[in-house]
Amino acid sequence: MQILSDTTILRKNTKSIDPLYKLLVKNIKSYYADIDTTLLKKAYDFGMIAHLKQRRYSGEPYFVHCLNVALILSDLKMDPTTIIAGMLHDAVEDTGVTLDEIKKEFGETIANLVDGVTKISSLKFQSNEARQAETFRKMLLSMAQDIRVIIIKFADRLHNMRTLNHLPVKKRPRIALETRDVYAPLAHRLGISRLKTELEDLALKHLDLDVYADLVKKVHESEEEREKYINLIKAPIEEELRNHNIKATIAGRPKSYYSIYQKMKRRNRPFDEIYDLQAIRIIVDKLEECYYALGIVHSKYMPVYDRFKDYIAMPKINGYQSLHTTVVGPEGKMVEIQIRTQEMHQMAEDGIAAHWKYKEGVKGTTKFEEHLGWVKELLERQMQEEDPGDFMEHLKINLYQDEVFVFTPAGDLIKLAVGATPVDFAYAVHTNIGNHCIAAKVNGKLVSLKTELKSGQQVEIITSQNQKPGQDWLSFVKTSKARHWIKKILREEQQTQTLQIGGEILAKFLKKYKLNEDDPLFKDTIPKIGFKNIESLKAAIGRGEFMVETLAKKIFPEKEEPEQTGDSFFVKFLKRARSVSGIRVAGMENMLIHFAKCCQPVPGDRIIGYLSRGKGVTIHRTDCKNMIKLYEEKERIIEVEWDTEEKHKFQVYLSILGEDRKNLLKDITLSVAKLDINIIQVSFKTEEMYAKGNLNIEVSDLQHLTKVINGLRKIPGVFSVERVDNISGISEEM
């Protein structure tokens with residue numbers, strides 16, 4: 001696109017825009033006094049022409065939005081390159097301008113920033129979820145390469161939220177929800193407090209206007225009273241700091257509307273009963289003065305036990321540093337006080353923008369960039385993920401986590417999400433340690449893998465090469481890294497089982513027709529039926545997605561097959577054995593059996609089996625509402641029955657982990673014997689301070705088994721009791 005020289009057209013369309021541009025130049029010159037505005041003016045003219053025919057929902061020229069994005073960036077004191085990219089951020093997506101034109105006119109760096117902000121609009125996706133996931137994936141990838149991408153995107157989203165009331169009502173909730181759940185937490189994770197706060201407040205405004213308006217009114221009405229109280233607290237602190245020659249700025253910090261709303265929800269209290277609506281912030285010159293000021297505060301007001309946090313010694317994952325203490329002020333009210341230096345305050349407000357290395361043209365790694373490791377780690381893991389839902393889940397887990405600080409036996413500090421367990425710790429240390437984690441010691445004492453870790457604890461992981469992640473681990477781990485690897489291992493286990501089933505079915509089929517895998521008649525048919533190789537064919541057969549009867553028709557098209565009146569070859573194969581889970585499912589093999597969550601069948605219910613794609617056989621009650629649709633696919637229905645005849649017993653395998661102490665095995669066997677349980681086999685071994693055993697017992701039904709497990713868990717020193725599949729070794733805690 002060529003920049004027009006017709007100044008008449010420009011003047012006619014820039015009367016309402018010129019003041020914004022003049023304010024932008026003024027803002028930039030306040031921190032870049034010697035800036036050459038030539039390229040900035042060129043970008044202004046270029047963007048004006050590109051968006052000349054466009055209008056926003058408000059009726060304003062579209063370029064007003066682009067200039068406001070640039071203004072927000074100048075408020076953050078960003079460099080001219082970032083501001084120019086912000087001014088042009090919609091040119092490629094919304095006009096006929098190409099990235100090559102941006103690159104030609106403004107250079108490769110600005111073109112790359114514009115590309116990073118541009119949404120994935122030219123590709124087709126199966127769902128909105130997939131589009132959203134891919135948009136954020138690309139944005140994070142660009143962000144990992146140049147953090148300015150996300151800062152421009154924040155400015156773009158902030159102005160869109162400020163003007164969201166001009167959009168059609170039905171569009172607002174989706175944008176507000178995305179802002180609250182992704183953009184605001186991401187701003188928090190990058191330490192940009194001022195953006196995070198405004199984004200949250202605006203999201204609340206458009207998600208629940210009545211609540212927002214009520215909060216604004218009540219906060220305004222109580223403002224004078226709060227100011228008086230803050231001044232009452234400040235006065236003695238200011239006097240004491242002056243007496244010790246410490247220069248300090250002390251001010252009240254009002255809580256945001258969204259944070260007040262969250263407190264009301266969390267505490268289930270009305271506005272009038274939320275007293276900590278305002279905090280006091282003390283800003284000093286030097287780091288050592290922070291601790292001196294803390295001593296003065298505690299000498300004037302009684303500190304609240306366990307409400308002190310030292311984020312200076314142990315900064316938050318987003319780089320935030322400050323001392324936090326809660327004291328009992330006048331009238332017995334609790335007040336939060338934050339103490340920090342001016343540099344720390346700038347970091348808390350502007351986050352990465354306060355550390356922007358490109359301002360001075362400095363190259364290389366900065367301290368703040370070390371906090372961006374989670375972005376690259378997340379992207380590396382998600383390269384292996386195809387499910388957009390998984391990507392968004394992992395992203396939100398990473399955004400929302402606050403931290404606990406724990407130590408390895410060697411004294412290394414590990415930061416984890418609040419609520420993290422020894423399994424999360426194990427994966428944080430090394431993936432292989434997580435995959436083989438079997439027990440843990442916290443401060444030298446054996447604990448359950450489900451134990452929530454607390455800051456300051458020392459954690460040691462005990463591993464075993466025979467241990468694998470269990471499905472139940474997903475119910476208590478908190479970090480996205482742990483969830484990713486657990487799901488990956490479980491998927492691989494399922495794929496192995498699927499291939500085994502498919503291989504056995506195919507082998508029986510080939511034997512029936514006197515063929516083998518190397519037979520040209522069979523090998524040449526594989527690509528004709530849409531499979532790349534024999535492994536993909538076996539997998540499809542194992543999942544129930546491809547029937548070998550179809551394969552027979554392709555290989556022997558001339559042979560007339562009698563009309564199928566009975567079960568398919570797949571179903572007949574599955575009807576040969578019994579499950580080890582304690583029921584007879586038409587003789588179902590013990591590999592891929594699932595009980596439907598929708599109707600939760602138990603012994604005594606009338607049940608039916610359905611061959612699900614990718615899940616093997618799912619067991620439903622015959623009166624389950626979902627079976628109405630499933631009955632339409634008669635070829636996938638399997639007759640099943642409970643194998644619970646009188647005096648019938650089923651073998652169950654239990655894995656027990658406990659403390660290595662005297663009489664542990666005796667206590668276990670006595671507990672089992674009290675319930676009239678026959679022990680078929682028992683084996684225990686000790687490793688360091690723990691004992692691990694396998695118990696093979698006979699029970700009559702699930703209720704019987706549950707009593708056994710509950711009894712074993714009550715034994716002193718027993719940490720976990722899990723039901724395991726004796727063949728696959730995959731555990732499933734009851």
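Helices and strands are taken here as DSSP runs, of at least four residues for a helix and at least two for a strand, and they are numbered from the N terminus. The structure above is a predicted model, and the exercises below work through parts of it.

**Exercise 1. Place Lys77 and Asn663 in the chain, and state what their backbone angles and accessibilities are.**

Solution. Begin with the location: Lys77 is in the loop between helix 4 (63-75) and helix 5 (80-87). Turning to the backbone, Lys77 has a phi near 60 degrees, a positive value in a residue other than glycine. Lys77 counts as partly exposed because its relative accessibility is 39%. The second residue, Asn663, belongs to the loop between strand 16 (650-659) and helix 30 (664-673), and although Asn663 is not a glycine, its phi is positive at about 70 degrees. With a relative accessible area of 41%, Asn663 is partly exposed. For a glycine with a positive phi, look just after helix 17, where Gly351 takes a value of about 55 degrees; within helix 17 (residues 342-350) itself, the buried residues include Met344, His345 and Met347.

**Exercise 2. Describe the surroundings of Arg172, a buried charged residue without a salt bridge.**

Solution. First, assign the element: Arg172 lies in helix 11 (residues 172-189). Second, look for a partner of opposite charge; the nearest such side chain is that of Asp210, 12 Å away, whereas a salt bridge requires a nitrogen and a carboxyl oxygen within 4 Å of each other. Third, look for other polar partners: the side chain of Arg172 reaches the backbone oxygen of Leu164 at 3.5 Å. Finally, list the contacts, leaving out residues up to four places away in sequence, and the result for Arg172 is Leu164, Asn165, Leu167 and His206.

**Exercise 3. Analyse Lys234 in the manner of Arg172, and then examine Ile230 in helix 14.**

Solution. Lys234 is found in helix 14, which spans residues 223-243. Lys234 is buried and has no salt bridge, the nearest side chain of opposite charge being that of Glu238 at 4.4 Å; the cut-off to apply here is 4 Å. Apart from its neighbours within four places in sequence, Lys234 is in contact with Ile250 and Ile280. Ile230 counts as buried because its relative accessibility is 4%. When residues up to four places away in sequence are left out, Ile230 touches Gly252, Gln278 and Ile280. For a C-alpha distance, take Ile230 and Ala251, which are 21 residues apart in sequence and 8.1 Å apart in space.

**Exercise 4. Work through three of the 14 salt bridges that a search of the whole structure finds.**

Solution. Take the pair Lys42 and Glu105, whose side chains meet at 3.0 Å, N to O. This pair links distant parts of the chain, with Lys42 in helix 3 (residues 38-50) and Glu105 in helix 7 (residues 99-106), 63 residues apart. Lys42 is partly exposed at a relative accessible area of 29%, while Glu105 is buried at 19%.

Next, consider Asp156 and Lys153, which form a salt bridge at 3.3 Å, N to O. Because they are three residues apart in helix 10 (residues 148-162), Asp156 and Lys153 are separated by about one helical turn. An α-helix has 3.6 residues a turn, so residues three or four places apart point the same way. Both Asp156 and Lys153 are buried.

Then turn to Lys538 and Glu535, whose closest N and O atoms are 3.9 Å apart in their salt bridge. Lys538 and Glu535 are likewise three residues apart, in helix 26 (residues 534-542), and therefore about one helical turn separates them. Lys538 is buried, with a relative accessible area of 13%, whereas Glu535 is partly exposed, with 41%. Salt bridges with shared partners join Glu517, Glu535 and Lys538 into one network.

**Exercise 5. Characterise the chain as a whole, and then locate a nonpolar patch on its surface.**

Solution. Start with the secondary structure, which comes to 31 helices and 20 strands. Of the 734 residues in the chain, 50% are buried. Among contacts with a separation of 6 or more, 66% are between residues 24 or more positions apart. The chain exposes about 37,500 Å², of which carbon and sulfur atoms supply 49%. On that surface, Met302, Val328 and Met334 make a nonpolar patch of about 280 Å². Met302 lies in strand 3 (residues 302-303), and it counts as exposed because its relative accessibility is 62%.

Definitions and conventions
Residues numbered from 1 in each chain as written. Predicted model: local features only at pLDDT ≥ 70, side-chain atom pairs only at ≥ 80, totals over all residues. Heavy atoms only, no water. Buried < 20%, exposed > 50% of the residue type's maximum accessible area, 1.4 Å probe, protein only. Lys, Arg positive; Asp, Glu negative; His and termini not counted. Polar contact = N/O pair within 3.5 Å; in protein donor to acceptor, adjacent residues only side chain to side chain. Contact = heavy atoms within 4.5 Å. Patch = residues over 30% accessible without salt bridge, like charges linked within 9 Å, V, L, I, M, F, W, Y side chains within 5 Å. Areas by Shrake-Rupley, 256 points an atom, 1.4 Å probe, with all protein chains shown as cover.
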